[in-house]
Amino acid sequence: MDRPYGAAADFSSRIDLENTASHALKVESDWQPPSHGAKSHGLGVAHVASVAIEAPLRISISHGTPRSDASLEEILDTVQRQTLRYFWDFGHPTSGLARERSNATPHIVTTGGSGFGIMAILAGVERGWIGRQAALDRLITMVCFLGEAERHHGAFPHWMDGDRGRTIPFSQCDDGGDIVETAYLMVGLLSARQYFGGPEARERIFRSLIDTLWRDVEWDWFTRGSDSLFWHWSPEHAWAMDHPIHGWNECLIAFVLAASASRHPIEPSVYHRGWATGQAFVNGRSFHGIPLPLGPDHGGPLFFAHYSFLGLDPRRLRDCYADYWRQNVAYTRINQAHCIRNPEKFDGYSAECWGLTASDSVHGYVAHAPDRDHGVIAPTGALGSFPYAPAECKRALRHFASRGDRLWGEYGFRDAFSPAMDWYADSYLAIDQGPIVIMIENYRSGLLWRLFMSCPEIRVGLAKLGFLSG
(Lines give C-alpha, C1' and ligand atoms only; values in the text may rest on other atoms or scores of the structure.)
Protein backbone atom coordinates (compact mmCIF):
# COMPACT_ATOMS: atom_id res chain seq x y z
CA MET A 1 0.00 0.00 0.00
CA ASP A 2 1.46 3.31 -1.06
CA ARG A 3 1.47 6.35 1.21
CA PRO A 4 2.32 8.97 -1.43
CA TYR A 5 2.21 12.06 0.75
CA GLY A 6 4.19 14.02 3.28
CA ALA A 7 7.25 12.16 4.47
CA ALA A 8 6.62 9.52 1.81
CA ALA A 9 6.04 11.97 -1.04
CA ASP A 10 9.26 11.32 -2.95
CA PHE A 11 9.19 7.51 -2.93
CA SER A 12 9.92 6.09 -6.39
CA SER A 13 6.96 3.75 -5.80
CA ARG A 14 6.18 4.14 -2.96
CA ILE A 15 14.78 -11.46 21.77
CA ASP A 16 17.11 -12.77 21.80
CA LEU A 17 16.55 -14.38 25.28
CA GLU A 18 20.08 -13.85 26.53
CA ASN A 19 19.05 -10.27 27.29
CA THR A 20 15.65 -11.11 28.77
CA ALA A 21 15.28 -10.10 32.39
CA SER A 22 16.36 -13.02 34.56
CA HIS A 23 13.52 -12.68 37.02
CA ALA A 24 11.01 -13.53 34.29
CA LEU A 25 12.93 -16.54 33.07
CA LYS A 26 13.19 -18.06 36.54
CA VAL A 27 9.46 -18.61 36.76
CA GLU A 28 9.77 -21.48 34.28
CA SER A 29 12.89 -23.46 35.08
CA ASP A 30 12.47 -25.72 32.05
CA TRP A 31 12.20 -22.81 29.59
CA GLN A 32 15.58 -22.74 27.85
CA PRO A 33 16.65 -20.00 25.43
CA PRO A 34 17.06 -21.17 21.83
CA SER A 35 20.16 -20.55 19.80
CA HIS A 36 20.54 -17.15 18.19
CA GLY A 37 19.48 -17.33 14.54
CA ALA A 38 21.10 -15.54 11.64
CA LYS A 39 18.03 -13.63 10.50
CA SER A 40 15.82 -13.76 13.59
CA HIS A 41 16.55 -13.41 17.26
CA GLY A 42 14.81 -16.54 18.51
CA LEU A 43 12.40 -15.85 21.34
CA GLY A 44 11.57 -19.51 21.65
CA VAL A 45 8.00 -19.38 20.37
CA ALA A 46 7.17 -22.99 21.16
CA HIS A 47 8.45 -22.73 24.72
CA VAL A 48 6.58 -19.53 25.58
CA ALA A 49 3.44 -20.58 23.75
CA SER A 50 3.33 -23.85 25.70
CA VAL A 51 3.35 -21.84 28.91
CA ALA A 52 0.76 -19.36 27.70
CA ILE A 53 -1.65 -21.00 25.28
CA GLU A 54 -3.28 -24.42 25.22
CA ALA A 55 -5.48 -23.81 22.19
CA PRO A 56 -6.17 -20.90 19.84
CA LEU A 57 -8.88 -18.65 21.17
CA ARG A 58 -11.34 -16.83 18.97
CA ILE A 59 -13.86 -14.44 20.40
CA SER A 60 -16.61 -12.82 18.38
CA ILE A 61 -17.34 -9.29 19.48
CA SER A 62 -19.66 -8.37 16.64
CA HIS A 63 -22.42 -5.91 17.29
CA GLY A 64 -25.40 -4.56 15.37
CA THR A 65 -25.50 -1.73 12.88
CA PRO A 66 -25.29 1.61 14.71
CA ARG A 67 -28.49 3.66 14.81
CA SER A 68 -27.94 7.30 14.02
CA ASP A 69 -30.59 8.28 16.60
CA ALA A 70 -29.12 6.19 19.43
CA SER A 71 -27.33 7.72 22.39
CA LEU A 72 -23.74 8.73 21.81
CA GLU A 73 -22.45 6.10 24.24
CA GLU A 74 -24.37 3.37 22.45
CA ILE A 75 -23.04 4.41 19.04
CA LEU A 76 -19.47 4.66 20.32
CA ASP A 77 -19.73 1.19 21.86
CA THR A 78 -21.07 -0.25 18.63
CA VAL A 79 -18.43 1.36 16.45
CA GLN A 80 -15.49 0.45 18.68
CA ARG A 81 -16.64 -3.15 19.16
CA GLN A 82 -17.33 -3.86 15.51
CA THR A 83 -14.14 -2.16 14.32
CA LEU A 84 -12.13 -4.15 16.86
CA ARG A 85 -13.20 -7.32 15.06
CA TYR A 86 -10.73 -6.40 12.31
CA PHE A 87 -7.85 -7.07 14.70
CA TRP A 88 -9.41 -9.83 16.80
CA ASP A 89 -11.50 -12.02 14.49
CA PHE A 90 -9.58 -11.12 11.32
CA GLY A 91 -6.11 -11.23 12.89
CA HIS A 92 -3.67 -13.52 11.12
CA PRO A 93 -4.28 -17.10 12.33
CA THR A 94 -0.58 -17.95 12.80
CA SER A 95 1.06 -14.75 14.00
CA GLY A 96 -1.94 -12.98 15.50
CA LEU A 97 -0.71 -9.79 13.79
CA ALA A 98 -2.89 -7.44 11.77
CA ARG A 99 -3.44 -8.22 8.12
CA GLU A 100 -2.64 -5.31 5.83
CA ARG A 101 -6.13 -5.08 4.37
CA SER A 102 -9.27 -7.15 3.98
CA ASN A 103 -9.28 -7.39 0.19
CA ALA A 104 -5.72 -8.45 -0.64
CA THR A 105 -3.28 -11.32 -0.10
CA PRO A 106 -4.31 -12.71 3.30
CA HIS A 107 -0.81 -13.74 4.44
CA ILE A 108 0.56 -10.16 4.36
CA VAL A 109 0.71 -8.62 7.83
CA THR A 110 1.58 -5.01 8.54
CA THR A 111 4.03 -3.89 11.20
CA GLY A 112 2.57 -0.48 11.99
CA GLY A 113 -1.01 -1.70 11.69
CA SER A 114 -0.19 -4.44 14.17
CA GLY A 115 0.96 -1.82 16.65
CA PHE A 116 -2.38 -0.11 16.18
CA GLY A 117 -4.14 -3.44 16.61
CA ILE A 118 -2.39 -4.12 19.91
CA MET A 119 -3.63 -0.82 21.27
CA ALA A 120 -7.15 -1.52 20.00
CA ILE A 121 -7.13 -4.87 21.81
CA LEU A 122 -6.16 -3.13 25.05
CA ALA A 123 -9.19 -0.88 24.65
CA GLY A 124 -11.32 -3.97 24.11
CA VAL A 125 -10.06 -5.53 27.34
CA GLU A 126 -10.65 -2.35 29.30
CA ARG A 127 -14.21 -2.13 27.96
CA GLY A 128 -14.90 -5.77 28.87
CA TRP A 129 -15.31 -6.98 25.29
CA ILE A 130 -12.25 -9.25 25.39
CA GLY A 131 -11.13 -11.28 28.39
CA ARG A 132 -7.85 -10.20 29.93
CA GLN A 133 -6.30 -13.66 29.73
CA ALA A 134 -7.52 -14.23 26.18
CA ALA A 135 -5.93 -10.93 25.16
CA LEU A 136 -2.68 -11.83 26.91
CA ASP A 137 -2.61 -15.17 25.08
CA ARG A 138 -3.06 -13.42 21.73
CA LEU A 139 -0.42 -10.80 22.52
CA ILE A 140 2.11 -13.41 23.65
CA THR A 141 1.55 -15.17 20.32
CA MET A 142 2.30 -11.90 18.53
CA VAL A 143 5.41 -11.13 20.56
CA CYS A 144 6.84 -14.62 20.17
CA PHE A 145 6.26 -14.46 16.43
CA LEU A 146 7.97 -11.06 16.27
CA GLY A 147 10.95 -12.46 18.13
CA GLU A 148 11.39 -15.13 15.46
CA ALA A 149 10.60 -12.82 12.53
CA GLU A 150 13.16 -11.26 10.24
CA ARG A 151 14.59 -8.00 11.52
CA HIS A 152 17.13 -5.57 10.14
CA HIS A 153 19.33 -3.94 12.79
CA GLY A 154 16.44 -4.52 15.15
CA ALA A 155 13.89 -2.84 12.89
CA PHE A 156 11.00 -4.67 11.31
CA PRO A 157 9.98 -4.39 7.65
CA HIS A 158 6.78 -2.67 6.61
CA TRP A 159 5.26 -5.99 5.51
CA MET A 160 5.88 -9.54 6.61
CA ASP A 161 4.63 -13.01 5.76
CA GLY A 162 2.27 -13.78 8.63
CA ASP A 163 3.12 -17.47 8.50
CA ARG A 164 6.91 -17.37 8.35
CA GLY A 165 7.93 -13.88 9.48
CA ARG A 166 9.92 -13.17 6.33
CA THR A 167 10.11 -9.69 4.82
CA ILE A 168 7.73 -8.96 1.97
CA PRO A 169 8.97 -6.00 -0.12
CA PHE A 170 6.79 -2.92 0.14
CA SER A 171 8.33 -1.50 -3.02
CA GLN A 172 11.33 -2.28 -5.21
CA CYS A 173 14.02 -1.20 -2.73
CA ASP A 174 11.90 -1.20 0.40
CA ASP A 175 12.71 -4.75 1.47
CA GLY A 176 14.37 -4.23 4.84
CA GLY A 177 13.98 -2.27 8.04
CA ASP A 178 11.34 0.46 8.18
CA ILE A 179 12.04 2.64 11.21
CA VAL A 180 8.67 4.45 11.11
CA GLU A 181 6.54 1.30 10.92
CA THR A 182 8.74 -0.13 13.68
CA ALA A 183 7.98 2.94 15.79
CA TYR A 184 4.22 2.41 15.41
CA LEU A 185 4.67 -1.21 16.47
CA MET A 186 6.77 -0.25 19.49
CA VAL A 187 4.11 2.19 20.73
CA GLY A 188 1.64 -0.68 20.80
CA LEU A 189 4.08 -3.05 22.47
CA LEU A 190 5.14 -0.57 25.14
CA SER A 191 1.51 0.29 25.87
CA ALA A 192 0.76 -3.42 26.29
CA ARG A 193 3.79 -3.81 28.56
CA GLN A 194 2.38 -1.09 30.80
CA TYR A 195 -1.12 -2.57 30.75
CA PHE A 196 -0.05 -6.07 31.72
CA GLY A 197 1.92 -4.99 34.75
CA GLY A 198 0.90 -7.71 37.17
CA PRO A 199 3.14 -10.09 39.14
CA GLU A 200 1.91 -13.26 37.42
CA ALA A 201 4.52 -15.30 35.57
CA ARG A 202 3.06 -14.86 32.10
CA GLU A 203 2.75 -11.10 32.47
CA ARG A 204 6.34 -10.85 33.68
CA ILE A 205 7.56 -12.98 30.78
CA PHE A 206 5.48 -10.92 28.37
CA ARG A 207 6.98 -7.66 29.62
CA SER A 208 10.51 -9.03 29.40
CA LEU A 209 10.05 -10.19 25.83
CA ILE A 210 8.75 -6.77 24.83
CA ASP A 211 11.69 -5.12 26.56
CA THR A 212 14.09 -7.21 24.49
CA LEU A 213 12.40 -6.33 21.20
CA TRP A 214 12.41 -2.67 22.25
CA ARG A 215 16.07 -2.65 23.25
CA ASP A 216 17.16 -4.40 20.08
CA VAL A 217 16.04 -1.61 17.71
CA GLU A 218 19.18 0.20 16.49
CA TRP A 219 17.68 3.65 16.14
CA ASP A 220 21.13 5.22 15.87
CA TRP A 221 22.01 2.94 12.93
CA PHE A 222 19.29 4.66 10.93
CA THR A 223 21.04 8.02 11.25
CA ARG A 224 24.06 6.85 9.22
CA GLY A 225 26.16 8.92 11.61
CA SER A 226 24.43 12.14 10.56
CA ASP A 227 21.86 14.54 12.00
CA SER A 228 19.05 12.86 10.07
CA LEU A 229 16.97 9.76 10.69
CA PHE A 230 16.62 7.66 7.53
CA TRP A 231 13.38 5.79 6.94
CA HIS A 232 14.71 2.57 5.36
CA TRP A 233 17.64 0.22 5.22
CA SER A 234 17.78 -2.85 2.98
CA PRO A 235 20.15 -5.83 3.25
CA GLU A 236 20.06 -6.01 -0.55
CA HIS A 237 20.02 -2.31 -1.52
CA ALA A 238 21.53 -0.71 1.61
CA TRP A 239 20.57 3.00 1.73
CA ALA A 240 19.40 3.17 -1.91
CA MET A 241 16.08 4.76 -0.96
CA ASP A 242 18.04 7.58 0.73
CA HIS A 243 15.03 8.99 2.53
CA PRO A 244 15.86 11.29 5.46
CA ILE A 245 12.77 12.08 7.52
CA HIS A 246 11.92 15.76 7.78
CA GLY A 247 8.73 17.20 9.28
CA TRP A 248 5.88 17.95 9.44
CA ASN A 249 4.18 14.61 8.83
CA GLU A 250 3.26 11.34 10.58
CA CYS A 251 6.77 10.53 11.85
CA LEU A 252 7.21 12.53 15.06
CA ILE A 253 6.80 9.41 17.18
CA ALA A 254 9.86 7.78 15.58
CA PHE A 255 12.06 10.58 16.93
CA VAL A 256 10.50 10.40 20.39
CA LEU A 257 11.12 6.65 20.58
CA ALA A 258 14.61 6.95 19.11
CA ALA A 259 15.54 9.51 21.76
CA SER A 260 14.02 7.32 24.48
CA ALA A 261 15.98 4.16 23.68
CA SER A 262 18.41 2.95 26.32
CA ARG A 263 20.79 0.98 24.07
CA HIS A 264 20.74 2.69 20.67
CA PRO A 265 19.45 6.25 21.14
CA ILE A 266 19.77 9.18 18.78
CA GLU A 267 21.24 12.52 19.78
CA PRO A 268 18.90 15.52 20.17
CA SER A 269 20.54 17.09 17.11
CA VAL A 270 18.81 14.48 14.92
CA TYR A 271 15.48 15.92 16.05
CA HIS A 272 16.40 19.59 15.90
CA ARG A 273 18.62 19.60 12.79
CA GLY A 274 16.85 16.82 10.93
CA TRP A 275 13.15 16.55 11.70
CA ALA A 276 12.58 20.22 12.51
CA THR A 277 14.23 21.53 9.35
CA GLY A 278 11.72 20.24 6.81
CA GLN A 279 10.44 22.67 4.19
CA ALA A 280 6.87 22.05 5.41
CA PHE A 281 7.66 22.15 9.11
CA VAL A 282 6.99 25.62 10.51
CA ASN A 283 3.92 27.29 9.01
CA GLY A 284 2.31 30.02 11.16
CA ARG A 285 -0.20 31.14 8.54
CA SER A 286 -3.99 31.00 8.90
CA PHE A 287 -6.41 28.99 6.78
CA HIS A 288 -10.17 29.51 7.03
CA GLY A 289 -9.30 31.88 9.85
CA ILE A 290 -7.52 29.13 11.80
CA PRO A 291 -3.80 29.57 12.61
CA LEU A 292 -1.74 26.50 11.68
CA PRO A 293 1.52 26.19 13.67
CA LEU A 294 3.16 23.41 11.66
CA GLY A 295 2.77 21.56 8.39
CA PRO A 296 1.88 22.16 4.76
CA ASP A 297 -0.45 24.95 3.72
CA HIS A 298 -4.13 24.11 4.25
CA GLY A 299 -3.08 21.12 6.34
CA GLY A 300 -2.26 17.68 5.04
CA PRO A 301 -4.14 14.39 5.46
CA LEU A 302 -5.60 13.87 8.91
CA PHE A 303 -3.39 10.89 9.69
CA PHE A 304 -0.65 13.43 10.43
CA ALA A 305 -2.63 14.21 13.60
CA HIS A 306 -3.38 10.55 14.33
CA TYR A 307 -0.49 8.11 13.89
CA SER A 308 2.09 9.77 16.14
CA PHE A 309 -0.53 10.63 18.75
CA LEU A 310 -2.24 7.31 19.32
CA GLY A 311 -0.07 6.88 22.41
CA LEU A 312 1.80 10.18 22.60
CA ASP A 313 -0.54 12.48 24.51
CA PRO A 314 -0.67 15.91 22.84
CA ARG A 315 -2.53 17.51 25.74
CA ARG A 316 -0.14 19.97 27.36
CA LEU A 317 2.67 18.62 25.13
CA ARG A 318 4.85 21.39 23.76
CA ASP A 319 8.40 22.22 22.77
CA CYS A 320 10.16 25.19 21.19
CA TYR A 321 8.30 24.60 17.91
CA ALA A 322 4.65 24.14 18.84
CA ASP A 323 1.93 23.36 21.32
CA TYR A 324 0.86 19.97 19.94
CA TRP A 325 -2.70 20.10 21.21
CA ARG A 326 -3.26 23.38 19.39
CA GLN A 327 -1.51 21.92 16.35
CA ASN A 328 -3.82 18.92 16.12
CA VAL A 329 -6.98 20.86 16.90
CA ALA A 330 -6.11 23.35 14.16
CA TYR A 331 -5.30 20.55 11.71
CA THR A 332 -8.70 18.97 12.34
CA ARG A 333 -10.69 22.20 12.16
CA ILE A 334 -9.02 23.26 8.90
CA ASN A 335 -9.81 19.89 7.34
CA GLN A 336 -13.48 20.18 8.29
CA ALA A 337 -13.64 23.83 7.23
CA HIS A 338 -12.32 22.86 3.79
CA CYS A 339 -15.08 20.26 3.40
CA ILE A 340 -17.72 22.79 4.45
CA ARG A 341 -16.39 25.38 2.00
CA ASN A 342 -16.07 22.62 -0.61
CA PRO A 343 -14.21 24.57 -3.30
CA GLU A 344 -14.47 21.69 -5.80
CA LYS A 345 -18.26 21.52 -5.28
CA PHE A 346 -18.39 17.79 -4.55
CA ASP A 347 -21.88 16.53 -3.81
CA GLY A 348 -22.42 15.39 -0.25
CA TYR A 349 -19.77 17.41 1.59
CA SER A 350 -21.04 19.23 4.68
CA ALA A 351 -20.34 19.95 8.33
CA GLU A 352 -21.48 16.35 8.96
CA CYS A 353 -19.73 14.68 6.02
CA TRP A 354 -16.01 15.42 6.22
CA GLY A 355 -12.63 13.81 6.85
CA LEU A 356 -9.86 13.88 4.25
CA THR A 357 -7.04 11.43 4.89
CA ALA A 358 -5.23 8.50 3.30
CA SER A 359 -7.64 5.81 2.15
CA ASP A 360 -8.81 3.74 -0.76
CA SER A 361 -10.61 5.57 -3.53
CA VAL A 362 -11.83 5.04 -7.08
CA HIS A 363 -8.27 5.99 -8.09
CA GLY A 364 -6.56 3.50 -5.78
CA TYR A 365 -4.92 4.37 -2.49
CA VAL A 366 -4.60 8.16 -2.14
CA ALA A 367 -3.58 10.45 0.71
CA HIS A 368 -6.54 12.82 0.46
CA ALA A 369 -6.06 16.31 1.87
CA PRO A 370 -7.40 19.81 1.26
CA ASP A 371 -4.86 20.25 -1.54
CA ARG A 372 -5.51 16.73 -2.88
CA ASP A 373 -9.27 16.43 -2.74
CA HIS A 374 -10.85 13.76 -4.95
CA GLY A 375 -14.28 13.84 -3.39
CA VAL A 376 -13.55 10.87 -1.12
CA ILE A 377 -14.36 10.82 2.60
CA ALA A 378 -12.75 8.27 4.96
CA PRO A 379 -14.56 7.63 8.27
CA THR A 380 -11.21 7.25 10.01
CA GLY A 381 -10.46 10.90 9.20
CA ALA A 382 -13.20 12.32 11.42
CA LEU A 383 -13.51 9.44 13.89
CA GLY A 384 -9.75 9.36 14.50
CA SER A 385 -9.99 13.05 15.39
CA PHE A 386 -12.54 12.64 18.19
CA PRO A 387 -10.38 14.08 20.98
CA TYR A 388 -9.60 17.22 18.98
CA ALA A 389 -13.08 18.26 17.85
CA PRO A 390 -15.68 16.14 19.66
CA ALA A 391 -18.75 18.15 18.65
CA GLU A 392 -17.80 18.05 14.97
CA CYS A 393 -16.85 14.37 15.16
CA LYS A 394 -20.14 13.44 16.83
CA ARG A 395 -22.00 14.99 13.91
CA ALA A 396 -19.85 13.03 11.47
CA LEU A 397 -20.38 9.81 13.43
CA ARG A 398 -24.16 10.10 13.25
CA HIS A 399 -23.97 10.95 9.57
CA PHE A 400 -21.83 7.91 8.82
CA ALA A 401 -24.26 5.75 10.81
CA SER A 402 -27.16 7.10 8.75
CA ARG A 403 -25.63 5.66 5.58
CA GLY A 404 -26.49 2.17 6.76
CA ASP A 405 -25.17 -1.06 5.28
CA ARG A 406 -23.52 0.58 2.28
CA LEU A 407 -20.96 2.12 4.62
CA TRP A 408 -21.22 -0.33 7.54
CA GLY A 409 -20.06 -3.92 7.45
CA GLU A 410 -18.31 -6.81 9.12
CA TYR A 411 -15.46 -4.74 10.60
CA GLY A 412 -17.19 -1.42 11.15
CA PHE A 413 -17.28 1.47 8.71
CA ARG A 414 -15.80 0.65 5.34
CA ASP A 415 -12.58 2.36 4.43
CA ALA A 416 -14.00 5.25 2.39
CA PHE A 417 -16.87 6.48 0.26
CA SER A 418 -17.62 9.17 -2.29
CA PRO A 419 -21.09 10.75 -2.20
CA ALA A 420 -20.36 12.52 -5.48
CA MET A 421 -19.62 9.25 -7.31
CA ASP A 422 -22.01 7.06 -5.30
CA TRP A 423 -19.02 4.83 -4.51
CA TYR A 424 -18.31 2.82 -1.37
CA ALA A 425 -15.11 0.90 -0.73
CA ASP A 426 -15.34 -2.84 -0.23
CA SER A 427 -12.19 -2.78 1.90
CA TYR A 428 -10.95 -2.33 5.45
CA LEU A 429 -7.34 -1.31 6.21
CA ALA A 430 -5.48 -1.94 9.45
CA ILE A 431 -3.98 1.53 9.60
CA ASP A 432 -7.42 3.10 9.15
CA GLN A 433 -9.45 0.85 11.46
CA GLY A 434 -6.93 1.15 14.30
CA PRO A 435 -7.15 4.92 14.88
CA ILE A 436 -10.97 4.69 15.05
CA VAL A 437 -10.88 2.39 18.07
CA ILE A 438 -7.86 4.03 19.71
CA MET A 439 -8.76 7.69 19.36
CA ILE A 440 -12.37 7.15 20.37
CA GLU A 441 -11.00 5.43 23.46
CA ASN A 442 -8.60 8.30 24.12
CA TYR A 443 -11.57 10.65 23.87
CA ARG A 444 -13.64 8.52 26.22
CA SER A 445 -11.03 7.57 28.83
CA GLY A 446 -7.51 8.61 27.76
CA LEU A 447 -6.47 4.95 28.17
CA LEU A 448 -3.83 4.65 25.47
CA TRP A 449 -2.38 8.07 26.19
CA ARG A 450 -2.14 7.18 29.85
CA LEU A 451 -0.45 3.84 29.19
CA PHE A 452 2.18 5.03 26.75
CA MET A 453 3.01 8.18 28.69
CA SER A 454 3.53 6.07 31.81
CA CYS A 455 6.63 4.50 30.24
CA PRO A 456 9.58 5.91 32.22
CA GLU A 457 11.89 5.84 29.22
CA ILE A 458 9.45 7.91 27.17
CA ARG A 459 9.44 10.64 29.80
CA VAL A 460 13.25 10.64 29.66
CA GLY A 461 13.26 10.81 25.86
CA LEU A 462 10.81 13.69 25.73
CA ALA A 463 12.87 15.67 28.22
CA LYS A 464 16.00 14.92 26.21
CA LEU A 465 14.41 16.50 23.12
CA GLY A 466 13.21 19.53 25.06
CA PHE A 467 9.52 18.68 25.37
CA LEU A 468 7.38 19.83 28.26
CA SER A 469 4.37 17.63 28.99
CA GLY A 470 2.88 19.04 32.16
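Biologist: In this predicted model, what makes the pair Glu74 and Arg67 a salt bridge?

Modeller: The closest N and O atoms of Glu74 and Arg67 are 3.8 Å apart. The criterion asks for a side-chain nitrogen of Lys or Arg within 4 Å of a carboxyl oxygen of Asp or Glu, and the pair is therefore counted as a salt bridge. Arg67, Asp69 and Glu74 are linked in a network of such bridges, and a search of the whole structure finds 20 salt bridges.

Biologist: Why is Glu74 called partly exposed?

Modeller: Glu74 has 37% relative accessibility. Partly exposed lies between the limits of under 20% for buried and over 50% for exposed, so Glu74 is partly exposed. Arg67, at 43%, is also partly exposed.

Biologist: How do you know that Arg444 is buried?

Modeller: Its relative accessible area is 18%, and buried means under 20%; Arg444 is therefore buried. Arg444 forms a salt bridge with Glu73, with the closest N and O atoms 2.6 Å apart. This pair links distant parts of the chain, with Arg444 in helix H13 and Glu73 in helix H3, 371 residues apart.

Biologist: Why are helices H5 and H6 called oblique to each other?

Modeller: H5 and H6 pack at an angle of about 135°, with their axes 12 Å apart. Over 145 degrees would count as roughly antiparallel, and 65 to 115 as roughly perpendicular; the angle fits neither class, nor the roughly parallel one under 35 degrees, so the helices are oblique. The contact involves Arg132, Leu139, Val143 and Leu146 of H5, together with Leu185, Leu189, Ala192 and Tyr195 of H6.

Terms used:
Residues numbered from 1 in each chain as written. Predicted model: local features only at pLDDT ≥ 70, side-chain atom pairs only at ≥ 80, totals over all residues. Heavy atoms only, no water. Axes fitted to C-alpha atoms, helices over the stretch in contact; angles between N-to-C directions. Helix = DSSP H or I, 4+ residues; strand = E, 2+ residues; numbered from the N terminus. Contact = heavy atoms within 4.5 Å. Buried < 20%, exposed > 50% of the residue type's maximum accessible area, 1.4 Å probe, protein only.
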